[in-house]
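Subject: Structure for you to look at

Hello,

Here is the structure I promised to hand over. Please open it alongside this email.

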Amino acid sequence: MSCCTPADGRIDAQAGEVPDPAPWVRRNGDGSYHLDLMVPGIHCAGCISRIERKLMEHAAVAAARVNMSTKRVSIDWHGEEALAGELAGRIASLGYQVRPFDGVALAATQRDPEGAALLRSLAVTGFAAGNIMLLSVSVWSGAEDATRDLFHWISALIALPAIAYGGRVFFASAWSALRQGGLNMDVPISLAVVLAAAMSFYETAQGGAQAYFDASVTLLFFLLIGRYLDHLMRARARSAVTQLLALNATGATVVEANGRHHFSPIGDLEAGMLISVAAGERIPVDGIVTSGRSDLDRSLVTGESLPVSVSGGDQIQAGVLNLSGPLIVQVSATGEDTFLAEVVRLMEQAERGKARYVALADRVARIYAPAVHVLAGGTFLAWLLLGSAWDAALLNAIAVLIVTCPCALGLAVPVVQVVASGVLFRAGIMVKDGAALERLAQVDTIVFDKTGTLTQGKPELIGTLAADDEVAALAASLASGSRHPLCRALSLAAQQAGVARQEMGDMIEHPGQGLEALWQGRTVRLGRRGWCGAATQETDAALEMWLAVEGSPPRRFAFVDKIRPGAKAVLRDLRDLGYDIELLSGDRWEAAKDVAAELGIGRVLALATPADKVRHVEGLGRQGHRVLMIGDGINDAPALAAAHVSMSPGSAADVSQTAANFVFLGEDLASVTKCLQVARVSVRLIRENFALAFAYNLVAVPVAMVGLVSPLIAAIAMSSSSMLVTGNALRLRLSRAVMRGGAEQARSSAIARQVYAERAI
């Protein structure tokens, strides 16, 4: 559940101290000002709304946007530049640490100190609970007087430090909520733990027979289990924006007017400068090629793996990879004005929108916390009015707090998410975001990317080659000297057909055109149609390469990107289940329409840029559709983040896998159907768990309010309810909908999981 407090419940020691942000203020074109700040304590939708509301209260602020993944707060305002310090101070006044935004600081926040702290707290409270339970058994067995008091004091010595250490996350979060005049789930938790421990210490000091240290520590132990499971699922979702930022070059080689070259940091580049980009480097800026010819990997823009030839006069974008030849580029845009920066902004806006989604657990938490306080407070006052002593009234109120402590509610969601993750992992599907299971169950529209998603993303030669085909031997010999995808496909086909290689001399690669060599005194070319002298124009949408031998007519080699195994059957099943299917591609109309026709997809959008894809997905969302986006390219990452929920194949770019909520590792698209089935069952079990938790409270709370339950019995009942929801979650493994076809898919995905793990290492 959401913490809704700064720094995961921890008030940073430097909160309230704001460095002067003036050096980082940027002037917008309309005369307003812009500032990007980093706020490491942002961790939930409550943080977002709190910060944005505080900033928008200032009359000069035109826009305030918070991105939870990058911890970035972007502010636009009118008036004076000097307002930057005041606006940063508004955020700090909420208890957050504030500093100027930078990539190095962002990388530091991607480490997981919170998870390590939760695990240490879990270990400490688990160890303490086990030892205190052993001492409590002796007391329950009839130990009296001095022996009982000794066991109580030993329990206190174990429990109090464990509670102070293990309960920090709850105590700090509760205190932050109370300071802001609000309530969250950690307030009743903290009250129950602290009051039970304090009452137990009072009883021990008075030599009383009742002490409930075991109840306090056991309660804390179960709550930490739920909090850690929830954290594990959240930690799997890492921002793709950080990986996109890694595509930014740190500098460039500037070409001076006298022809000299020098390296310049990226921040010093200006429009109009000339830079040199060597083969193998990423383009650092948006610009126009002034000289040179090369092939570019433009998958960032189009999602297509085939290189694109560029020469003088062509426009290129930052982040694109230069493959084959040196280029001289005139800078047209740098920094925040480049195409790559725009993709990053699209990602941040999309992730920000997704962060506003309120999960079922958070909706329950809104009403549960105040209800618990009312019940406990009412119990205490009622017993006082009935003439009971204050300590007896307080014990009954503590029992109510413990009985109603949200262990079952805290475990209801994460335990199902963990079980579902295990089921999907065995089927070859990695769950990046457990909360996405709920969103996946709401989907009504599925949008597929083409290349690498519906197709395999690996071009294959159409037809077969004969072992004695001399022309094929020449083509394969030339193709072996290049890493172009079509050359690799041709070389592989020749190898499989047993085609012998020919001895070639003086092989030269012409960037953007193809390969050239000498064979028996004749010039041989393999590459583009016009360069090889081919005059005919083919009407199909196939990819092609041409071989031209001096003195002979050129020959065409055609390639196709094959449809993924089982794609037709999967899309037919999805349509039968009532899902609307669309195809969204950056490829040519001809290629996109051919794939759509083969798979029976009625709606197609081709030649789509990353911004086009985001606009289309967001447009569907505004129309009321819940969209599942499935894509694999860097250019798909913003759309994956913008969709209601997203999925990516294991062969996808790292940025896309990071942006996606689910990654399927096998070649078969049946993983999509499997994931949808598991999501539906998971949401049903989550709702059942909430029903079980509330049913338990309906029975236990009245009994505790009338004084029939001690804090110890309340702790045992609370633990039993936690075990109940855990057992219900395990039913997911036995669900018929989930098991159907699961064994076959698990076997087919075992190798893919191994490859994925090896690649991750």
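Below is what was found in it, element by element. Please keep in mind that this is a predicted model.

**The cores**

Start with the nonpolar cores. The largest has 46 residues. Within it, Ile 446 and Phe 662 have the most contacts. Helix H24, residues 670-705, supplies the largest share of this core, with nine residues. Apart from it lies another core, of 27 residues. Ala 472, Ala 476, Ala 494 and Leu 526 are among its members.

Ile 446 is worth displaying with its surroundings. Neighbours within four places in sequence are left aside here. Ile 446 then touches Leu 574, Leu 628, Ile 630, Leu 676 and Ile 581. Tyr 579, Asp 580 and Glu 582 are also in contact with Ile 446.

**The six-stranded sheet**

Next, the sheet. Six strands make it up, and it is open. Their order is S17-S22-S21-S20-S19-S18, with antiparallel pairing. Which strands stand at the edges? They are S17 (455-461) and S18 (505-510). Each has a single partner strand, so one side of each is left without a neighbour in the sheet. On average, neighbouring strands of this sheet are turned by 15° against each other, direction ignored.

At the S18 edge, the partner is S19, residues 514-519. Four bridges join the two, and they run antiparallel. Gly 505 sits opposite Leu 518 of S19.

**Helices H17 and H18**

Helix H17 covers residues 470-479. It lies across S18, S19, S20 (522-527), S21 (543-549) and S22 (555-563). Relative to S19, H17 runs at about 120°.

H17 also packs with H18, residues 485-497. Their axes come within 8 Å and cross at roughly 130°. The two helices are therefore oblique to each other. The crossing is left-handed. From H17, the residues involved are Ala 475, Ala 476 and Ala 479. They meet Cys 487, Leu 490, Ser 491 and Ala 494 in H18. Two of these names have come up before: Ala 476 and Ala 494 are also among the residues of the 27-residue core.

**Strands S3 and S4**

Last, a pair of strands elsewhere in the numbering. Is S3, residues 61-67, largely enclosed or left open? Five of its seven residues are buried, so S3 is largely enclosed by the rest of the structure. S3 is joined to S4, residues 72-77, by six bridges. These two strands run antiparallel. Ala 64 stands opposite Ile 75 in S4.

Best wishes

Definitions and conventions:
Residues numbered from 1 in each chain as written. Predicted model: local features only at pLDDT ≥ 70, side-chain atom pairs only at ≥ 80, totals over all residues. Heavy atoms only, no water. Core = buried A, V, L, I, M, F, W, Y, C linked by side-chain atoms within 4.5 Å. Buried < 20%, exposed > 50% of the residue type's maximum accessible area, 1.4 Å probe, protein only. Contact = heavy atoms within 4.5 Å. Pairing = 2+ DSSP bridges. Axes fitted to C-alpha atoms, helices over the stretch in contact; angles between N-to-C directions. Parallel < 35°, antiparallel > 145°, perpendicular 65-115°, else oblique. Left-handed = near helix turned anticlockwise from the far one by under 90°.
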